[in-house]
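Visitor: I should like to understand the reasoning behind the terms used for this structure. Would you take me through them?

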Amino acid sequence: MKNDFSTVRSCKWGYPQVIRSKLIQGGKPFPTLFWLTCPLLRRLVSTMESNGLIQKFEDRIEKEESYRERYLKAHEETVLVKRESLVGLELSEWQKEKLFGSGIGGIANPLKVKCLHLQLANYLGGVSNPVGRDVWESLSEKECSGERVICLELLRRNER
């Protein structure tokens, strides 16, 4: 099944960093709204995950009330964005449950982080997500340098 995506944020080179998914495709719900597509950001965030940052964020959510409240509001804001994008579309109860019964990236337990890629994509997609914001602020790079544009390299490799 093909999904229709739109670009939410592009890098200075014109390549998508974050895309937005159409939430219903062929009648089936697709609960993850924002996707991180930039190869540079994906690599950097994967390194953060492998260094145990997911657990550190979950610990912070558990221990810091104000951080937890902001994170829970990010889940609510994500559901609101989903609802607004589907206004006027008739949905069955199971579609509503699949789309609105979970928050960021389809996370069922709103106190879990699941994946830093989706947290960053959610933040860059416009949601006030404290985890995504903290990931963004901790990145050593946010775009490819002029010396090496990874997306351009990938395109050239695929053309061969």
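Guide: The second largest cavity is a good place to begin; please note that the model is predicted. Thr32, Leu33, Phe34, Gly105, Leu118 and Asn122 form its lining, and its space is about 40 Å³.

Visitor: What makes three residues of the lining of the second largest cavity polar?

Guide: The classes are fixed by residue type, with Gly placed among the polar residues. The lining includes Thr32, Gly105 and Asn122. The division is therefore three nonpolar, three polar and no charged residues.

Visitor: What is the volume of the largest cavity, and which residues line it?

Guide: The largest cavity has a volume of about 50 Å³. Its lining consists of Cys11, Trp13, Tyr15, Pro16, Cys38, Glu143, Cys144, Val149 and Cys151. By class, these are eight nonpolar, no polar and one charged residues. Cys, Trp, Tyr, Pro and Val count as nonpolar and Glu as charged, so Glu143 supplies the charged member of the lining.

Visitor: How many cavities of 30 Å³ or more are counted?

Guide: The count comes to two.

Visitor: Let us turn to the helices. Why are H3 and H6 called roughly perpendicular?

Guide: Helix H3 (residues 65-85) and helix H6 (residues 130-138) pack at an angle of about 105 degrees, their axes being 8 Å apart. Angles of 65 to 115 degrees count as roughly perpendicular, and H3 and H6 therefore receive that description. On the H3 side the contact involves Tyr67, Arg70, Tyr71 and Ala74, and on the H6 side Pro130, Val131, Arg133 and Asp134. These residues divide into five nonpolar, no polar and three charged.

Visitor: Why, then, are H2 and H6 called oblique?

Guide: The axes of helix H2 (residues 53-63) and H6 cross at roughly 135 degrees and come within 11 Å. Roughly perpendicular ends at 115 degrees and roughly antiparallel requires over 145, so H2 and H6 are oblique to each other. The crossing of H2 past H6 is right-handed. Phe57, Arg60 and Ile61 of H2 meet Val131, Asp134 and Val135 of H6. This contact has four nonpolar, no polar and two charged residues.

Visitor: What makes H1 oblique to H5?

Guide: Helix H1 (residues 39-50) and helix H5 (residues 116-124) have axes that come within 9 Å and cross at roughly 130 degrees. That angle makes H1 oblique to H5, because it falls between the limits of 115 and 145 degrees. The crossing of H1 and H5 is right-handed. From H1, Leu41, Arg42, Val45, Ser46, Met48 and Glu49 meet Leu116, His117, Leu120 and Leu124 of H5. The contact of H1 with H5 comprises six nonpolar, two polar and two charged residues.

Visitor: What is notable about the phi of Lys114, and where is this residue placed?

Guide: Most residues other than glycine have a negative phi. Lys114 has a positive phi of about 70 degrees although it is not a glycine. Lys114 is placed in the loop between helix H4 (93-100) and H5.

Methods
Residues are numbered from 1 along each chain as its sequence is written. This is a predicted model: local features need pLDDT of at least 70, side-chain atom pairs count only at pLDDT 80 or more; totals for chains, interfaces and linings use all residues. Side-chain values use heavy atoms; hydrogens and water are left out. On a 1 Å grid over the protein atoms alone, a cavity is a set of points where a 1.4 Å probe fits but cannot get out, and a pocket is an open set with protein on both sides within 12 Å along at least five of seven lines; lining residues have an atom within 4 Å of a point. Grid points are joined across faces, edges and corners, and a volume is the space filled by probe spheres set on the points. Axes are lines fitted to C-alpha atoms, for helices over the stretch in contact, and angles run from 0 to 180 degrees between N-to-C directions. Helices (H or I, at least four residues) and strands (E, at least two) are DSSP runs, numbered from the N terminus. Angles under 35 degrees count as roughly parallel, over 145 as roughly antiparallel, 65 to 115 as roughly perpendicular and the rest as oblique. A crossing is left-handed if the near helix is turned anticlockwise from the far one by less than a right angle, and right-handed if clockwise. Contact means heavy atoms within 4.5 Å.
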